[in-house]
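Let's take a walk through a protein, from its overall make-up down to single residues. Have a look at the sequence and the 3D view first, then read on.

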Amino acid sequence: MFRRVLLGGIGASATAAVALSYKQSLAEEKMSLKMGIFAPPGGGKGTVCKKLIRDYGFVQVSTGDLLRDAVKKKTPLGMKAKEYMNKGELVPADLIHEIVGSHLKSPEVVEKGFVLDGVCRSKANSEFIVSEGLTPDLCLILDVSEACVQERLGGRVIDPVTKDSYNVNTMPPPPEIADRCIRRKDDYPEAITKRFNLYEKGLKEVLSVFPPATVKKIPGEGPPDVVYKLVSKKVDETLAHKKMETLFEGGADPKKMMSALNALSWVLTRGSSK
């Protein structure tokens, strides 16, 4: 009802103008977002992350990448981690937390926002993120069935040179590199089932730490462009909600009020066009 009244009141052309104004103000203010993305193996998380970085400028945060980078740069924390890795031991959780926390609080990440990719694989990791004041504004789940995962990963091959992934059924590698592509040991049916079950078992516990209102689920089995359209809609809505919150910060500043109203109109416009 409220949507009909608002849209009916301002008209289609005015609504479009407001939406454009919101997009421009969002770019000017460089609004950041704290986000976590969750999906089973082969759920399309990597593809979505690349597009989010491209379109929104977020920083993708992966525990494995941060560890390797810290070791490569020989940072104090990286050198500590290397001692454990050289002995074939797991890097202690508290050391990993230090590395992740330090990165998430760096000026670049604070300014641009982040996407947690595989960082919160346990309840303890999620609790750490919350304790550091880094609770995600949006926890997005790509809902993908085991049957779909089996189909995707069962045909996956990787080029050991470029590290690019292909699927022999849906996106085969170019003929000139096909012979050198390999299949990972954990991309066989039994291993896929085990990985999928572990993900499903841990997901509820991992997300239980975060505010329920931040957890959103979208269908993840469609074509990549369709899935990403749903993802970007959730991201836009969350950014708009953050903008609305500025309406109540520091008094009724006219510019903040207009910016917040633009945000609301943007969300309603997108919703009415879906």
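Is Pro 224 buried or exposed? Keep in mind that you are looking at a predicted model. Pro 224 has a relative accessible area of 53%, and the cut-off for exposed is over 50%, so this proline counts as exposed. You'll find Pro 224 in helix α11, which covers residues 224-245. Now look for Thr 47: it sits 177 residues away from Pro 224 in sequence, yet the two C-alpha atoms are 7.8 Å apart in space.

**The big picture**

Let's zoom out. The protein has 274 residues, and 40% of them are buried. Its secondary structure adds up to 12 helices and 7 strands. What about links between parts of the chain that are distant in sequence? Take the contacts between residues at least 6 apart in sequence: 71% of these join residues at least 24 apart. As for the outside, the accessible surface is about 15,600 Å², and carbon and sulfur atoms account for 58% of that.

**The sheet**

Five of the strands are worth tracing on your screen. They form an open sheet of 5 strands in the order β2-β3-β1-β4-β7, and the pairing is parallel. Which strands are at the edges? They are β2 and β7 (residues 215-219), and each of them pairs on one side only. Going from one strand to the next, the twist averages 25°.

Now follow β4, which has a neighbour on either hand in that order. Strand β1 (residues 34-38) is joined to β4 by 4 bridges, while 5 bridges connect β4 with β7. In both cases the partners run parallel. You can pick out single pairs too. Phe 38 stands opposite Ile 141 of β4, and Ile 141 in turn has Lys 217 of β7 as a bridge partner. Cys 139 is matched in β7 by Val 215. Why can we call β4 largely enclosed by the rest of the structure? Because 5 of its 6 residues are buried.

Here is a handy thing to know when you look along a strand: in a regular one, the side chains alternate between the two faces of the sheet.

**The cores**

What fills the inside? The largest nonpolar core has 27 residues, and those with the most contacts inside it are Phe 38, Val 61, Leu 104, Leu 116, Cys 120 and Ile 129. Several elements chip in with at least two residues each, among them the strands β2 (59-61), β3 (114-117) and β4 (138-143), and helices such as α4 (63-72), α6 (93-104) and α10 (189-207). Leu 104 is a nice one to click on: leaving out residues up to four places away in sequence, it touches Val 61, Val 109, Val 110, Phe 114, Leu 116, Ile 129 and Leu 134. There is also a second, separate core of 18 residues, which includes Leu 140, Ile 218, Val 231 and Val 235.

**A buried aspartate**

Next stop: the loop between β5 (156-158) and β6 (165-167), where Asp 159 is found. Is Asp 159 buried or exposed? Its relative accessible area is 1%, and buried means under 20%, so Asp 159 is buried. What does its side chain reach? One polar contact, of 2.8 Å, joins it to the side chain of Arg 180. The Asp 159 side chain also reaches the backbone nitrogen of Val 161 at 3.0 Å. Apart from residues up to four places away in sequence, Asp 159 touches Asp 164, Tyr 166, Ile 177, Arg 180 and Cys 181.

**Two lysines with positive phi**

Finally, check two loop residues whose phi angle is positive although neither is a glycine. Lys 74 lies between α4 and α5, and Lys 163 lies between β5 and β6, the loop that also holds Asp 159.

| Residue | Phi | Relative accessible area |
|---|---|---|
| Lys 74 | near 55° | 62% |
| Lys 163 | about 70° | 61% |

Since exposed means over 50%, Lys 74 is exposed, and so is Lys 163. That makes the loop between β5 and β6 a good spot to pause: Lys 163 there is exposed, whereas Asp 159 is buried.

Conventions:
Residues are numbered from 1 along each chain as its sequence is written. This is a predicted model: local features need pLDDT of at least 70, side-chain atom pairs count only at pLDDT 80 or more; totals for chains, interfaces and linings use all residues. Side-chain values use heavy atoms; hydrogens and water are left out. A nonpolar core is a set of buried Ala, Val, Leu, Ile, Met, Phe, Trp, Tyr and Cys residues joined through side-chain atoms within 4.5 Å. Buried means under 20% relative accessible area, exposed over 50%, partly exposed in between (1.4 Å probe, protein chains only). Contact means heavy atoms within 4.5 Å. Two strands pair if DSSP finds at least two bridges between them. Axes are lines fitted to C-alpha atoms, for helices over the stretch in contact, and angles run from 0 to 180 degrees between N-to-C directions. A polar contact is a pair of N or O atoms within 3.5 Å; within protein, one must be able to donate a hydrogen and the other to accept it, and residues adjacent in sequence count only if both atoms are side-chain atoms. Accessible areas come from the Shrake-Rupley method with a 1.4 Å probe; for residues, only the protein chains shown count as cover.
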